[in-house]
Amino acid sequence: MISDPSQMHLQTFLDALPEPAFLLNRELEVLACNRAQAQKLGDTLDKLIGAPLSRFLAEEITEARRLQMQLVFQTGQASNFEDERGGRRFVSQLIPLRDSHGEVTSIAVFALDITELRGEEAALSQSEERYQQIIDNCIEGVWQIDQESRTTFVNSQMATMLGYSIDEFLGRTIFEFMDQEAIELATQNVQRRQSGISEHHEFRLRHKDGHEVWTDMASNPILDAGGNYKGAVALVTDTTE
């Protein structure tokens with residue numbers, strides 16, 4: 001039973017955390033532990049106090065984590081690691097705790113279950129990859145600009161159409177790929193996009209080597225949830241021939 005008031009406050013704080021948390025001394029033994037950690041391990045708090053680090057980690061990674069925690073004691077710098085336990089993914093934060101003289105006397109370890117998050121990230125990554133494949137395999141050029149008419153995205157077909165690399169395209173305004181007459185027309189087009197108007201029209205661009213490139217362009221505004229103009233995207237077909 002805890003009789004020290006400071007220990008009682010510490011235990012109350014730890015138990016208020018929904019995720020596993022514990023404190024380790026320099027010998028990497030448990031000084032304090034919350035109920036979430038005890039429940040996860042199927043033990044009581046009393047049995048975990050004084051337990052070694054190995055009680056919390058898989059055997060194959062215990063040595064690596066021991067070295068990492070010793071480094072926190074030596075440098076006084078926080079650290080973190082991610083691992084898998086029981087089919088779940090966890091990220092653990094190591095926070096050095098100091099005494100009144102500034103010496104690191106213990107480490108607070110906070111673990112967060114990120115299994116679902118990692119699953120969502122993997123699904124998002126797969127979705128982005130599929131989207132990128134569709135865009136890259138599209139026979140038309142895809143050209144996206146922001147509210148300042150600067151290029152934020154082009155696919156390889158769009159870049160090749162005007163003789164540039166994708167990196168050369170990014171960051172440039174649409175007006176840099178036009179002559180003066182086309183710039184005046186494009187300025188009017190952008191104003192209509194800002195008003196939320198989509199259009200399908202013929203437009204003349206300028207190739208990197210200077211020759212004209214006639215295109216069939218389907219342009220659509222990009223609006224945020226409040227209906228504010230954030231840019232535009234166009235599907236561009238080379239009709240020069």
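Trainee: In this predicted model, which strands form the open sheet, and in what order do they stand?

Mentor: Five strands form the open sheet, in the order β7-β6-β10-β9-β8, and their pairing is antiparallel. Neighbouring strands of this sheet are turned by 30° against each other on average, with direction ignored.

Trainee: Why are β7 and β8 said to stand at the edges?

Mentor: Each of the two, β7 (151-154) and β8, has a single partner strand, so one side of each is left without a neighbour in the sheet.

Trainee: What makes β6 and β10 a pair of strands?

Mentor: Strands pair if at least two bridges are found between them, and six bridges join β6 to β10, which run antiparallel; the two therefore meet the cut-off for pairing. One of the residues concerned is Ile145, whose bridge partner in β10 is Ala232.

Trainee: Which helix lies across β8, β9 and β10, and at what angle does it run to β8?

Mentor: Helix α8 lies across these three strands, and it runs at about 145° to β8.

Trainee: Which residues of the largest nonpolar core touch the most other members?

Mentor: The largest nonpolar core has 23 residues, and Trp143, Met158, Leu162, Phe169 and Leu205 are those that touch the most other members. The elements giving two or more residues to this core are β6 (141-146), α6 (156-161), α8 (180-194), β8 (199-206), β9 (212-223) and β10 (229-238), and of these β10 gives the most, with four residues. Apart from this core lies another, of 20 residues, among them Phe22, Leu45, Leu94 and Ile107.

Trainee: What is Trp143 in contact with, once its neighbours within four places in sequence are left aside?

Mentor: The contacts of Trp143 include Thr151, Phe153 and Val154, then Met158, Phe169, Ile174 and Phe177, and further Leu205, Ala232, Val233 and Ala234.

Trainee: Is Met161 buried or exposed, and how do you know?

Mentor: Met161 has a relative accessibility of 11%, and buried means under 20%, so Met161 counts as buried. Met161 is placed in helix α6 and, not counting residues up to four places away in sequence, touches Gly141, His207, Val213, Thr215, Val236, Thr237 and Asp238. The C-alpha atoms of Met161 and Arg206, which are 45 residues apart along the chain, are separated by 9.7 Å.

Trainee: Where is His207 placed, and what is its side chain joined to by a polar atom 3.1 Å away?

Mentor: His207 is placed in the loop between β8 and β9, and a polar atom of its side chain lies 3.1 Å from the backbone nitrogen of Asp209. At 15% relative accessibility, which is to be set against the limit of 20%, His207 counts as buried. Among its contacts, with neighbours within four places in sequence left aside, are Thr160, Met161, Leu162, Gly163 and Val213.

Trainee: Why is Thr239 called partly exposed?

Mentor: The relative accessibility of Thr239 is 35%, and partly exposed is the class between under 20% and over 50%, so Thr239 belongs there. Thr239 lies in the segment after β10, and its C-alpha atom is separated by 5.4 Å from that of Trp214, 25 residues apart along the chain. Not counting residues up to four places away in sequence, Thr239 touches Trp214, Thr215 and Asp216.

Trainee: What makes the phi of Leu28 worth a remark, and where is Leu28 found?

Mentor: The phi of Leu28 is near 60°, a positive value in a residue other than glycine, and Leu28 is found in the loop between β1 and β2. These two strands form a hairpin with five residues between them; three bridges join β1 (residues 21-24) to β2 (residues 30-33), which run antiparallel, and the bridge partner of Leu23 in β2 is Ala32. With a relative accessible area of 6%, set against the limit of 20%, Leu28 is buried.

Trainee: Which value of phi does Ser149 have, and is Ser149 buried or exposed?

Mentor: The phi of Ser149 is near 65°, again a positive value in a residue other than glycine. Ser149 is found in the loop between β6 and β7 and counts as buried at 5% relative accessibility.

Trainee: What makes the pair of Ser79 and Gln68 a polar contact?

Mentor: Their side chains are joined at 2.8 Å, which is to be set against a limit of 3.5 Å for N or O atoms. Ser79 is found in strand β3 (residues 79-85).

Conventions
Residues numbered from 1 in each chain as written. Predicted model: local features only at pLDDT ≥ 70, side-chain atom pairs only at ≥ 80, totals over all residues. Heavy atoms only, no water. Core = buried A, V, L, I, M, F, W, Y, C linked by side-chain atoms within 4.5 Å. Buried < 20%, exposed > 50% of the residue type's maximum accessible area, 1.4 Å probe, protein only. Contact = heavy atoms within 4.5 Å. Axes fitted to C-alpha atoms, helices over the stretch in contact; angles between N-to-C directions. Polar contact = N/O pair within 3.5 Å; in protein donor to acceptor, adjacent residues only side chain to side chain.
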